[in-house]
Structure formats: C-alpha cells, structure tokens
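Student: Got a minute to go through this one with me? I'd like to start with how the helices pack.
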Amino acid sequence: MEDSTSPTTVSSAAVTGDHTPTTTSITRTLRLINHHDPLTKIQAAKEIRRLTKTSQRCRRQFSGAIPALVSMLRYPSVDAKAAALLALLNLAVQDEENKISIVDAGALEPIVTFFQLDNLNMEEHATALLATLSASPVKRSTIGASGAIPFLVETLNSGTPQAKVDAVMALFNLASENDNLNLILKAQPIPYLVNILNSSKKSSKISERCTAVLESLVGFEEGRVALTSEEGGVLAVVEVLERGSPQNREHAVGTLLTMCQSDRCRYREPILKEGVIPGLLELTVQGTPNSQTKAHTLLRLLRESPYPRSENEPDTLENIVCDIISQIGGEEQSGNAKQMLADMVQVSMEQSLRHLQRRALVCNPSEVSMK
C-alpha cells in the first residue's frame, strides 16, 4: 500500500533530477504528513523542511501541511516536535499567508512550552519561529497575548547567541503594538538589552534593534527609570550614538531626546555626564535628516535654559554648545566638545567656500564658450 512506503523512499522520490519537486511527490508528501505512523510523519516533515528551504513556490504548495505539522508540536517525542517546528519555520519565511495560518492553527501554545523543556536547541528553534511569525503585523497582538514575551526576554539573558539575535528581532517586531510594550516592560528587558549593546558591534543589526526597542520603552516612565538605574545604561546609548550605523544613531538620539523631553530636570544631568555632546555635534552635520533635527533639539534641552536668550544673542548652535560647555564638568569632556565645535566651524567654512567657488564657476562669463 502507498501509505506503507518507508521514510527513505519518501525522501529519495521527492524531487526530479533538477531538484524541482514534482506535483506527484508534493501530493505524496502531503498525504504522508497526515499518516498515522509517527516515524513516517517525522520523515515527511523533514522532507517539507528540505524542499521549502529556498523555494517560495514550495512554501505555497505545502501550505496544506500546516495543520498536521502544528498537531505534531504536541507530540511527546522531541524528534517529532523538532521536525515539525523546523518545517513550520521554513514555511513561514517570506510567506504572509503561511504565517497567519500557523498562528490560526494554534501553534503558539505549544511553541511557548518549548521554552520550558530545558533544551537549548528547541528554545533556539522556537525563538526563530516566533521572530519569523512576529514579522506579520496582523498577528503581533496575538503573539503578545500568548505568553511568549517573558520567555523571549529571558532568552536575551540565557539563550544561545543565535537565540538572542532572534529574540531581539521578535521583541523589535512586537514592540510596534502598545499592549505588547506594556508586557515587554513588565518582563524587565532593559538590563539584558544594555548587556547586548555593550557586547555587540555598535553598527550591527542586533545593536540597531536593541536601541530601537529601548527608544520605544523609554516612552514610559518605567522604561526611563530602568535605563537610568541600570549601571552603564545611558552610556551604552551614548556609545551607539557615537559609533552606530546611521539608523542606529537615529534611534539612540531619539531615546535620549524622549527622556529629556519627558522630564528635562530629571534626565538632563544623567545624559550630560556620559559625554554626549561631541556625538550630538557630529550628528548635527553628519546624521540623517531626522537625526540632525533631534540632535539640535536635544542640544537646546541640555543647556541651562532650553529657550533662546534674547534677540541680541541669537540661538545659534555655537551659542548653545558654548553655553553647555561652560556648565559641564571635566576638562577632558569640555576639551573634546570644544575641539568638536572648532572642527565643525572649520568644516562649515570649507563647505561654504566650496559652494561659493562652484557658484563663481557657473556664473563666470569667461567660462561660457563663444561661437
């Protein structure tokens, strides 16, 4: 009988010579994933994983296997759980319909239980699938309500390096929902996010997503208190502002600006004492348009008074910075800020001179050829 085909035969018959699965082999594998024999189902799940690894077309063709694969997540066998989990992970990659179908089929409840198995491989696979599923905006609230967030936050602390990367990605996606932000805050992720920032390259993707999550969390008082209470927390953000990618620096200055705007008297000193001024000065000329605007605004808030003094003293960047430099302690920090300001003035003068020279060349009649 066809259903009694051995798993090895299933695997070897699944593709044609050019590694493209035939309609017959797809139909056969879909039938075998619904077989009553657990070993046959495991082998079929492995075959689905293999065929969907790089093929978007196969992901669509095997979408009908999702209910059977989700049911396998509840099997007592760890091998069955792992085979189904990895097949579902591949089916979800770059396929919005499959993401939604996996969540709707009830996958979240068993996925969350995998974090309690004391099995790092299963935890890593579960985190990867949550990161992939959370890319679907329509399912982020459902994922947040599933109880997954505390386990994702704990993974930031105790997971494998890859699990930490995927946990940050999942939290980054889930943080777009306000209800999820409250759940993330309750799980107290900020110490772990700061640790990851300190141990990661400041221009890396994981650093960028950590800083983006922090920017969202400091919109709440609990988040601001947690960041300033964490030793080196504000400094970690300042270091990202100085050395991060353009997008990462934008998140960093946004984090500090949100804090200062919420309570300037409370957060001005903790930000200033970490030597933020040179980085902010650089952002005003080299950052993204949003970074430049935020850096200018934050510099105004960091001065003794955030408001222009008078019409006789224009509220120029130079005046703002000189005002701040006169207040901050430490010769090294003050010296760095002064040197940065001098360098900015020099760069500005050189740019203005080049601009004038280009205009002169364009407008000089002698440059116009006469015929």
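Student: Okay, α11 and α12: how are they oriented to each other?
Tutor: This is a predicted model, and in it α11 and α12 are oblique to each other. Their packing angle is about 140°, and the axes are 8 Å apart. Helix α11 covers residues 148–158 and helix α12 covers residues 161–174.
Student: Why doesn't about 140° get called antiparallel?
Tutor: Because roughly antiparallel is kept for angles over 145 degrees. With an angle of about 140°, the pair is therefore oblique.
Student: And which hand does the crossing of α11 and α12 have, left or right?
Tutor: Left-handed, as α11 passes α12.
Student: Which residues meet there?
Tutor: From α11 you have I149, L152, V153, T155, L156 and N157. They meet A163, K164, A167, V168, A170, L171 and L174 in α12. By class, that contact of α11 with α12 has 10 nonpolar, 2 polar and 1 charged residues.
Student: Next pair, then. How do α6 and α7 cross?
Tutor: Helix α6 (residues 78–92) and helix α7 (residues 96–104) cross at roughly 140°, and their axes come within 8 Å. So α6 and α7 are oblique to each other. On the α6 side the contact is made by L88, L91 and A92, and on the α7 side by N98, K99 and I102. Sorted by class, the contact of α6 with α7 has 4 nonpolar, 1 polar and 1 charged residues.
Student: Switching to cysteines. How many disulfides are there?
Tutor: The count comes to 0 disulfides.
Student: Why no bond for C260?
Tutor: The closest cysteine sulfur to that of C260 is in C265, 9.1 Å away, so it is too far for a bond. The cut-off for a disulfide is within 2.5 Å.
Student: Is C260 buried or exposed?
Tutor: C260 counts as buried, because its relative accessibility is 1%. C58 counts as buried too, at 3% relative accessibility.
Student: Last topic, backbone oddities. Which residue in the loop between α8 and α9 should I check?
Tutor: Look at D118, in the loop between α8 (108–113) and α9 (120–133). D118 has a positive phi of about 55° although it is not a glycine.
Student: Why is that worth a look?
Tutor: Because most residues other than glycine have a negative phi.
Student: What about Q188, where is that?
Tutor: Q188 is in the loop between α13 (178–186) and α14 (190–199). Its phi is near 55°, again a positive value in a residue other than glycine.
Student: And are those two residues buried or exposed?
Tutor: D118 is exposed, with a relative accessible area of 78%. Q188 counts as exposed at 58% relative accessibility.

Conventions: Residues are numbered from 1 along each chain as its sequence is written. This is a predicted model: local features need pLDDT of at least 70, side-chain atom pairs count only at pLDDT 80 or more; totals for chains, interfaces and linings use all residues. Side-chain values use heavy atoms; hydrogens and water are left out. Axes are lines fitted to C-alpha atoms, for helices over the stretch in contact, and angles run from 0 to 180 degrees between N-to-C directions. Helices (H or I, at least four residues) and strands (E, at least two) are DSSP runs, numbered from the N terminus. Angles under 35 degrees count as roughly parallel, over 145 as roughly antiparallel, 65 to 115 as roughly perpendicular and the rest as oblique. A crossing is left-handed if the near helix is turned anticlockwise from the far one by less than a right angle, and right-handed if clockwise. Contact means heavy atoms within 4.5 Å. Ala, Val, Leu, Ile, Met, Phe, Trp, Tyr, Cys and Pro count as nonpolar, Asp, Glu, Lys and Arg as charged, and the others, Gly among them, as polar. Buried means under 20% relative accessible area, exposed over 50%, partly exposed in between (1.4 Å probe, protein chains only).
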